[in-house]
Amino acid sequence: MTDLFDDGGLNERMSPQFPQSYNHFRILSNRRSGQPLSIATLVEKGLIGVSRSGFLRQPVQSQLPVKQPKTEPAIETTTQCKEIPAMSRTREEPVEVAEASVYRRYAAAANQREAALCCPVEYPADYLAVIPDEVIERDYGCGDPTPYVKPGDTVLDLGSGGGKLCFIAAQVVGASGRVIGVDCNREMLALARKHAPTVAERIGHANVDFRYGMIQDLRLDLSLLEQELALQPVHNAEDYLRLRHLQDHLRQAHPLIEDDSVDCVVSNCVLNLVRQEDRHALFAELFRVLKRGGRAAISDIVSDETVTDEMKRDPELWSGCLSGAYREDEFVKAFADAGFYGIEIAKRVKEPWQTIQGIEFRSVTIVAYKGKQGPCLERNQAVIYRGPFKKVEDDDGHTYWRGERMAVCDKTFGLLSRSPYAGLFDAVEPRVAIPLEAASSFNCQRAKIRDPRETKGHDYAATTDPAGPTCQLDPDCC
Ligand SMILES: C[S@@+](CC[C@H](N)C(=O)[O-])C[C@H]1O[C@@H](n2cnc3c(N)ncnc32)[C@H](O)[C@@H]1O
């Protein structure tokens, strides 16, 4: 039965063959009232997860009594869930339970501060001054990525919680920018939305919007999905197929976050909470929503060693932002694998936040850029790496030797002239510029070093006077 829930395994043609005993679809609605359960409730109970390609994932049907739909008495979903021993589920489906425990823990932490989730972070006091105390006290972040936000930016905060980061970013971007917070926890969204008008009044503009979604599936708007589920609850396999089509439709027609729409993605202590099987999709989504030239600034908890499976199975450690932590080198690699460049460990807190069984967990902030993709055009440009290293290599594998005039394509020339490389290289423009529309493809097999004659022209034979003020005017001049 479980196999039928695999994301790729269902299609319409299969539906007539589905066994009658697929009563696990009915746990999606309350069978007495006929009302669908909210997505939040389903996630909270560990009954579903959301992935890019499907909605249901490993529900607990194997533990539920299998009954024929027409004769069975009404099932209270909550009762069903209570009957399932939590620990046995933990052993069989550790990550699923971890996701449910994340929901429960942050729902509670939205209503009352949970000290164990707080990691000391200093935010600029000026920005905090306008933020209501209730938001500040329910701060569960572990770093501050807001220094990488710029005026006018469109900012997306992944796992916005009570909204503190969004409210800081709203002030940095100013009235011309905007900020979107995404969270899958309705209690956290309620907390953030409650205080948004107060912050807007205090800063003089309303530019923050909190949206209901999962950060590994930023196309799917869970508010729209809940509305549809209320109208057409899922009772059987056919409904489930319809639900899958509906999700695809919503992702295409009404994406929660559009492609290439964000200048800066920020996040504070959230990525470690995402299930491991969703992490590839998470980074793909992060990359998708950024504009070309946009940046990600992500603070999170990382470990110095691989976390043991036993620790990963502990829902308390997972929801506490510990056992789901990326290993620090794997965290950096995840950005590179997703296609980012210029990846930098902007901050790595020296002292661990916590140490468990000798494994250190500490906060880091990573900054990474989108935009190295695209055509390579020859415009006779070069760059000279200033040092201090003998040589460095970029994310495309190009090597730059200190002091050498390295031939680069127009795209790389542009990248190396901007953040985060600006200042590390001297840009050497050709004497006669090649217009973009006249540029040919860059030959990657060519000599790595650009002869000065290439940029100046082979027939260049000028002789000039010393540049700048003449010696007659300035007696100290060389
Ligand atoms: C540790 S708190 C951090 C909240 C906030 N960033 C802050 O600095 O206070 C984690 C937040 O991420 C949310 N969250 C966890 N997993 C999520 C997911 N897959 N999609 C969206 N939000 C998620 C939780 O609901 C919670 O609000």
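Here is a short chat about reading a predicted model, with helix H8 and the ligand shell as the main stops.

Trainee: How many helices and strands does the protein chain have?

Mentor: Count 16 helices and 16 strands. Of the 478 residues in the chain, 41% are buried.

Trainee: And how are the contacts spread along the sequence?

Mentor: Take contacts between residues at least 6 apart in sequence: 75% of them join residues at least 24 apart.

Trainee: Let's zoom in on H8. What span should its 18 residues have?

Mentor: A helix rises 1.5 Å a residue, and the expected span uses one less than the number of residues. For H8, residues 186-203, that gives 26 Å, and the end C-alpha atoms sit 25 Å apart, so the two agree.

Trainee: Where does H8 bend?

Mentor: Look at Ala 196, where the bend is about 35°. A proline, Pro 197, follows within four residues. Ala 196 is also one of the buried residues of H8, along with others including Arg 186, Leu 189, His 195 and Val 199.

Trainee: What comes just after H8?

Mentor: Gly 204, with a positive phi of about 90°.

Trainee: Now the ligand. Which residues are closest to it?

Mentor: Gly 141, Gly 159, Gly 161, Asn 185 and Asn 268, out of 26 residues that surround the ligand. Helix H4 (94-111), helix H7 (164-173) and strand S2 (178-183) are the elements that each give two or more residues to that shell.

Trainee: How many of the shell residues are nonpolar, polar or charged?

Mentor: The split is 15 nonpolar, 8 polar and 3 charged. When you sort them yourself, remember that Gly counts as polar here.

How values were computed. Residues numbered from 1 in each chain as written. Predicted model: local features only at pLDDT ≥ 70, side-chain atom pairs only at ≥ 80, totals over all residues. Bend = angle between axes of the 7 residues up to and from the residue. Buried ≥ 20, exposed ≤ 12 C-beta atoms within 10 Å, placed from the backbone. Contact = placed C-beta atoms within 7 Å. Near = placed C-beta within 6 Å.
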